[in-house]
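Colleague: I am new to this structure and should be grateful for a guided reading of it. May I put some questions to you in turn?

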Amino acid sequence: MNAQTIAARAFPLAITVWAALTLNFALPRLAPGDPLDYILGDDVATLSAAQRKAASKEFGLDAPLPVQYFDYLRGIATADLGNSIRYGTPVSGLLAERVGWTLLLALPAAVLSVVTGTALGAIAAWNRGRPKETSVMAGILLADAMPAFWVGMLLVAVFSLELGWLPSFGAFPAGGAEGLNVVGEVGKRLVMPMTAIVLATVGQPFLVARGAVTSSLGEDYIQTAQAKGLSTRAVLFRHALRASMLPVLTSFTLTLGALAGGVVVVETVFAYPGVGRLVFDAIRARDYPLLQGAFLLFTVTVIAANWVSDLLYERFDPRAREERE
Amino acid sequence: MRRCKAPAGAGIAVGILLAALVASGCDSSVEPGTPPGAGHTARLIIGVAQDAGPLNIYTSDARFDFLVELVYDKLFAPSPYVDSPRPWLADTATAVDAETWDVTLRRGVKWQDGEAFTAADVKFTFEYFRDGPANRYTHHVSEVPRIDEVEALADYRLRFRCATPCPTLRDVTMADLPILPKHIWQGVTEPRNFSAMPIGTGPYKLVGYSAGQRYRFEANRNYFMGAPTVDELVFPVIPDQSTMFVALRTGEIDASARPLPPELLKQFQRSAEIKVVRTQALSIVELRINYERAPLNDPSVRLALSLAIDRQALVDTVLLGRGRAASHGYPHPDSPWTNPKNSASFDRQRAGIMLSEAGLVDRDGDGIRESPTGRKLAFTLKVAATEPAQLRIAELLARQFASAGVSLAVESEDQTAITKLFGSREFELYLAEIGPHGVADPDQFVVSQGSGYLWKKGLPYPEMDALTKEYIASSGKDARLDVLFRMQTLFNQRPTSFALYYPEEHWAFRRGAFDKWVESAGYGIVNKWSFLSSESRQGVIVRDPGP
């Protein structure tokens with residue numbers, strides 16, 4: 001793929017990014033209430049008009065919206081996301097502090113979700129019409145229908161409260177840990193939130209893989225593979241599934257998008273210190289700069305994932321490559 | 001080939017894990033507390049429901065006083081919510097005349113950074129609160145009362161001169177304002193953007209703060225009232241209620257700074273590892289009224305609606321009896337500043353008569369009253385979606401009002417949107433809970449008559465205006481109480497907020513982790529007095545919480 005192609009693909013992406021950035025600016029301001037309401041609580045009503053104006057100025061909320069919008073875009077261009085109103089510290093620092101925790105949770109969860117969903121989807125397709133398919137399908141759809149926060153609470157009730165196997169909150173012991181123990185403690189605290197995310201997102205790759213594999217099972221090359229005497233596993237995973245990888249790839253990028261919402265809920269239930277939890281707190285506090293920064297991170301991640309997926313499409317599908325050429 | 005992939009994958013995972021730890025600045029080297037001495041506890045972990053920011057008093061409201069006051073001290077203690085606060089940073093406070101107080105300060109007190117605490121700090125604090133940007137404390141120095149002058153007579157002596165008589169200066173203002181270090185705050189021009197770690201004279205120093213995650217305090221071993229009994233306090237932020245109480249049951253935290261919800265009470269009371277104690281919350285769950293909108297601008301309609309509320313049924317049905325019906329009206333009956341004769345009764349028949357007398361009768365037979373112009377007596381009641389008990393209260397209120405021929409539509413919104421209503425006035429009715437600063441502080445009650453909360457400046461209310469003037473002019477504490485009681489009587493006859501119930505709070509903590517919890521009025525059990533020795537807190541009115 002040459003530079004011209006990449007540039008041609010990048011242009012619509014730039015438009016998408018701009019539209020998303022504009023929405024990121026507008027949406028928090030459309031919600032009722034503003035940061036002063038949260039920070040000052042009922043005391044906001046005790047302020048005179050002049051005092052309220054002074055408070056707004058301190059937080060940069062007194063400028064007209066177009067000026068705020070311009071400052072916001074300029075801030076993004078100069079990598080200055082401003083200061084969080086709630087915490088009084090740079091947004092970039094807060095995001096940098098949290099993004100590692102979210103990556104640690106969300107990336108393996110996304111991979112696990114897609115791998116599990118795809119494998120089960122392929123198995124369900126192979127066993128189409130049989131009890132095995134019905135039971136797998138019922139299980140996956142049940143998991144998919146359960147809200148992530150509820151799954152999280154169930155997991156906590158069973159594995160923390162009843163069995164006492166896993167800690168119930170945080171990414172790290174509240175009182176601290178030392179040495180290699182740190183890795184173990186962090187690992188233990190990942191199990192339940194990751195499971196909640198996987199259960200909440202596994203439905204989509206499952207259905208996509210099941211549909212794609214079902215279509216390919218009727219193809220001649222599958223019959224050829226079977227006629228060659230290949231094992232079921234080889235036919236299913238090396239031939240049928242391989243040919244169905246394109247929709248699965250799409251499903252992976254869509255899963256990344258769904259994760260942005262999923263981590264907000266799951267991280268809040270488990271008091272996990274990632275970006276999702278930061279977003280939850282920022283929404284409650286109407287912390288505009290922090291919301292804009294976090295949404296920017298989500299936006300760029302999802303758009304970049306889609307872009308990469310678009311580029312990879314041609315690598316997986318010769319027809320797309322030929323069409324371009 | 002496959003064999004190589006697994007370790008590579010594991011390596012990536014471990015790499016991400018370690019990178020996350022480094023990037024997240026996780027304090028893996030948290031120093032455990034000094035080995036406990038006699039009567040000392042090394043560390044307590046107490047869950048808090050919300051982050052309060054870096055304890056900047058300009059951006060933390062009264063809900064977080066329990067954290068703020070671990071770091072900061074006041075001239076008198078524990079709070080304005082008791083009858084006679086005792087000297088704390090002050091040694092004495094003497095009324096020279098109706099408008100003047102002389103204060104001598106305790107000597108030998110140090111700020112947590114080692115600087116000496118002097119009269120200059122007190123003078124600076126009062127003037128900064130009076131002249132600088134507004135915060136929740138400022139009305140105590142800029143309005144009721146207005147302090148004209150703070151004069152440092154010597155290093156440890158000051159004179160306060162008020163613009164009007166200020167008999168409550170010692171028991172209210174001096175018991176409410178945290179004293180700031182001048183050497184740190186004098187250069188701060190935008191206090192709401194100040195995010196440095198706080199330095200106070202208090203028993204604990206904030207040594208670690210991860211935004212939205214945790215607070216870590218270390219005992220101030222040089223505290224002027226003696227070293228605290230717990231060496232280290234860690235407050236992880238756990239926003240989800242069920243997660244918080246699971247963590248308590250599993251022993252991941254030692255106590256919760258969030259009261260136990262009524263539905264979990266019996267389960268926790270049965271637990272062998274957890275103890276539950278009860279305190280009076282010194283707060284009110286109230287129905288706020290937009291007294292500027294017709295027909296709620298008619299005092300007789302407001303009183304009729306108040307009479308239509310069966311408060312005891314709310315407590316019995318929704319709180320399962322864990323609270324008190326607000327039959328004493330507003331403000332909180334446990335405050336020493338509240339008229340014991342206040343009342344808010346339930347009389348549906350009288351409510352009906354009063355509404356009919358106001359011309360509000362059911363003319364079309366649909367069960368809902370109408371005005372003479374045919375407008376239905378129907379209101380929208382807004383409630384925070386995050387408060388399940390208040391949602392149930394709202395539904396029950398709708399039924400009770402329906403029995404009086406009033407239609408109530410319940411709408412839920414998020415908490416910040418509800419708070420916004422206070423300033424925007426775009427509501428008819430909404431449910432809220434107001435804490436001790438609002439319902440147990442006499443000067444705040446007076447300020448609230450003009451703040452927009454209980455009444456609005458500029459809106460005619462000659463009877464209350466006259467009493468407010470009388471309050472401000474009265475020069476003795478008893479005289480003030482007399483006026484205040486009359487103001488409260490008038491308020492409850494023409495209510496602009498309906499007190500519904502006085503919540504009862506239950507606090508859960510793990511047995512054996514710590515057993516010196518005490519209640520301070522309005523603060524529950526998680527307050528600095530719990531962590532001071534019994535000798536240190538002598539004279540401060542605290543009590544053992546009830547079973």
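Colleague: How many contacts beyond four places in sequence does the model have for residues 16-37 of chain B, where pLDDT stays under 50?

Modeller: This is a predicted model, and confidence should be read beside the contacts. Over residues 1-14 of chain B, pLDDT stays under 50 and the model has 1 contact beyond four places in sequence. Over residues 16-37 of chain B, pLDDT also stays under 50, and the number of such contacts is 43.

Colleague: What is the mean pLDDT of chain B?

Modeller: For the complex, the predictor gives an ipTM of 0.80 and a pTM of 0.84. In chain B, 92% of the residues reach a pLDDT of 70 or more, and the mean is 88.

Colleague: Why is strand 13 of chain B described as largely enclosed by the rest of the structure?

Modeller: In a regular strand, side chains alternate between the two faces of the sheet. On one side of strand 13 of chain B lie B:I284, B:E286 and B:R288, and on the other B:V285, B:L287 and B:I289, all of them buried. Strand 13 of chain B is therefore largely enclosed, the number of its buried residues being 6 of 6.

Colleague: Which residue of strand 18 of chain B stands opposite B:L287?

Modeller: Strand 13 of chain B is joined by 6 bridges to strand 17 (residues 429-434) of chain B, and the two run antiparallel. There, B:I289 has B:L429 as its bridge partner. Strand 18 (residues 497-510) of chain B is also antiparallel to strand 13 of chain B, with 4 bridges between them. In strand 18 of chain B, the residue opposite B:L287 is B:F498.

Colleague: Is helix 5 of chain A parallel or oblique to helix 14 of chain A?

Modeller: Two packed helices are described by the angle and the distance between their axes. The axes of helix 5 (residues 91-126) and helix 14 (residues 288-316) of chain A come within 10 Å and cross at roughly 50 degrees. Helix 5 of chain A is therefore, with respect to helix 14 of chain A, oblique.

Colleague: Is the crossing of helix 5 and helix 14 of chain A left-handed or right-handed?

Modeller: On the helix 5 side, A:V91, A:S92, A:L94, A:L95 and A:V99 meet residues of helix 14 of chain A, including A:G293 and A:A294. The crossing of these two helices of chain A is right-handed.

Colleague: Which strands are the edge strands of the open sheet with the order 4-5-7-6 in chain B?

Modeller: The open sheet of chain B has 4 strands in the order 4-5-7-6, with antiparallel pairing. An edge strand pairs on one side only, and those that do so are strand 4 (90-97) and strand 6 (147-154) of chain B.

Colleague: Which helix of chain B packs on this sheet?

Modeller: Strand 6 of chain B is joined to strand 7 (residues 157-162) of chain B by 6 antiparallel bridges, and B:I147 stands opposite B:C162. The packing helix touches strand 5 (100-105), strand 6 and strand 7 of chain B, and its direction makes about 170 degrees with that of strand 6. It is helix 3 (residues 119-131) of chain B.

Colleague: Is B:E413 buried or exposed?

Modeller: B:E413 lies in strand 16 (residues 407-413) of chain B. Its contacts beyond four places in sequence are B:K382, B:A384, B:A385 and B:I418; the C-alpha atoms of B:E413 and B:K382 are separated by 7.0 Å, although the residues are 31 apart along the chain. Because B:E413 has 20 C-beta neighbours inside 10 Å, it counts as buried.

How values were computed. Residues are numbered from 1 along each chain as its sequence is written. Chains are lettered from A and ligands numbered from 1 in the order in which they are written. This is a predicted model: local features need pLDDT of at least 70, side-chain atom pairs count only at pLDDT 80 or more; totals for chains, interfaces and linings use all residues. pLDDT is the predictor's confidence in each residue, from 0 to 100. Two residues are in contact if their C-beta atoms, placed from the backbone, lie within 7 Å. A residue is buried if 20 or more other C-beta atoms lie within 10 Å of its own, exposed if 12 or fewer, and partly exposed in between; C-beta atoms are placed from the backbone. Two strands pair if DSSP finds at least two bridges between them. Axes are lines fitted to C-alpha atoms, for helices over the stretch in contact, and angles run from 0 to 180 degrees between N-to-C directions. Angles under 35 degrees count as roughly parallel, over 145 as roughly antiparallel, 65 to 115 as roughly perpendicular and the rest as oblique. A crossing is left-handed if the near helix is turned anticlockwise from the far one by less than a right angle, and right-handed if clockwise.
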